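Hi everyone, thanks for making the time. I'd like to walk you through one model today, so let's put it up on the screen.

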Amino acid sequence: MTAGVGARLLPLVLTQFAFWWAVPHPDRTPLGSSIAGVLYLPLAAWGPLLAVVTLAHHRRHRAAGALAEVAPPQ
């Protein structure tokens with residue numbers, strides 16, 4: 001549940017860096033802008049990737065629970 005909440009909130013919080021990077025700043029050089037993009041832009045993918053991993057974890061553990069209920073204990 002906590003990972004699901006994080007997967008929903010992270011894109012809201014971290015995509016601001018993508019917009020910040022796209023806005024030209026007078027005191028930033030082109031090299032500095034490129035470095036900022038390389039370092040901060042991948043943060044925008046963190047939320048969707050967390051959602052995929054959370055869903056896979058949920059499905060795996062739900063399937064394991066269903067198999068434990070069907071199979072008799074040995």
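Which residues form a nonpolar patch on the surface? They are Trp20, Leu31, Ile35, Val38, Leu39 and Tyr40, and together they have about 620 Å² of accessible area. Before I go on, please keep in mind that this is a predicted model.

So where does that patch come from? Helix α3, residues 30-40, gives the largest share, with five residues. Let's pick one of them and look at it: isoleucine 35 sits in helix α3. Its relative accessibility is 44%, and because exposed would need over 50% and buried under 20%, isoleucine 35 counts as partly exposed.

Let me step back to the whole chain for a moment. The protein chain has four helices and zero strands, so if you read along the sequence you get the pattern α-α-α-α. There are 74 residues, and 12% of them count as buried. As for the surface, the chain exposes about 6000 Å², with carbon and sulfur atoms supplying 74% of that.

Now to a residue I'd like you to zoom in on, arginine 28. You'll find arginine 28 in the loop between α2, residues 16-22, and α3. Is arginine 28 buried or exposed? Arginine 28 is buried, and yet it has no salt bridge. The nearest side chain of opposite charge belongs to aspartate 27, and that is 5.8 Å away. A salt bridge has to be within 4 Å, so that distance does not qualify.

What does the side chain of arginine 28 make a polar contact with? The partner is the side chain of histidine 25, at 2.7 Å. Leaving out residues up to four places away in sequence, arginine 28 also touches Trp20, Trp21, Val23, Ser33 and Ala36. One of those names should sound familiar: Trp20 belongs to the nonpolar patch we started with.

Last topic: pairs that are far apart in sequence. I have three of them for you, if you'd like to follow along on the screen.

Let's begin at the start of the chain. Methionine 1 lies in the segment before α1, which is residues 2-14. This methionine is exposed, because its relative accessible area is 86%. Its C-alpha atom is 8.8 Å from the C-alpha atom of threonine 54, although the two are 53 residues apart along the chain.

Next is valine 52, in helix α4, residues 46-70. Valine 52 has a relative accessible area of 56%, so it counts as exposed. How far apart are the C-alpha atoms of valine 52 and alanine 7? They are separated by 8.8 Å, with their positions 45 residues apart along the chain.

Finally, proline 48 is also placed in helix α4. Proline 48 is partly exposed, because its relative accessible area is 44%. Its C-alpha atom and that of leucine 10 are 8.4 Å apart, and along the chain the two residues are 38 apart.

That's my tour, and I'm happy to rotate the view for anyone who wants another look.

Note on methods: Residues numbered from 1 in each chain as written. Predicted model: local features only at pLDDT ≥ 70, side-chain atom pairs only at ≥ 80, totals over all residues. Heavy atoms only, no water. Patch = residues over 30% accessible without salt bridge, like charges linked within 9 Å, V, L, I, M, F, W, Y side chains within 5 Å. Areas by Shrake-Rupley, 256 points an atom, 1.4 Å probe, with all protein chains shown as cover. Helix = DSSP H or I, 4+ residues; strand = E, 2+ residues; numbered from the N terminus. Buried < 20%, exposed > 50% of the residue type's maximum accessible area, 1.4 Å probe, protein only. Lys, Arg positive; Asp, Glu negative; His and termini not counted. Polar contact = N/O pair within 3.5 Å; in protein donor to acceptor, adjacent residues only side chain to side chain. Contact = heavy atoms within 4.5 Å.
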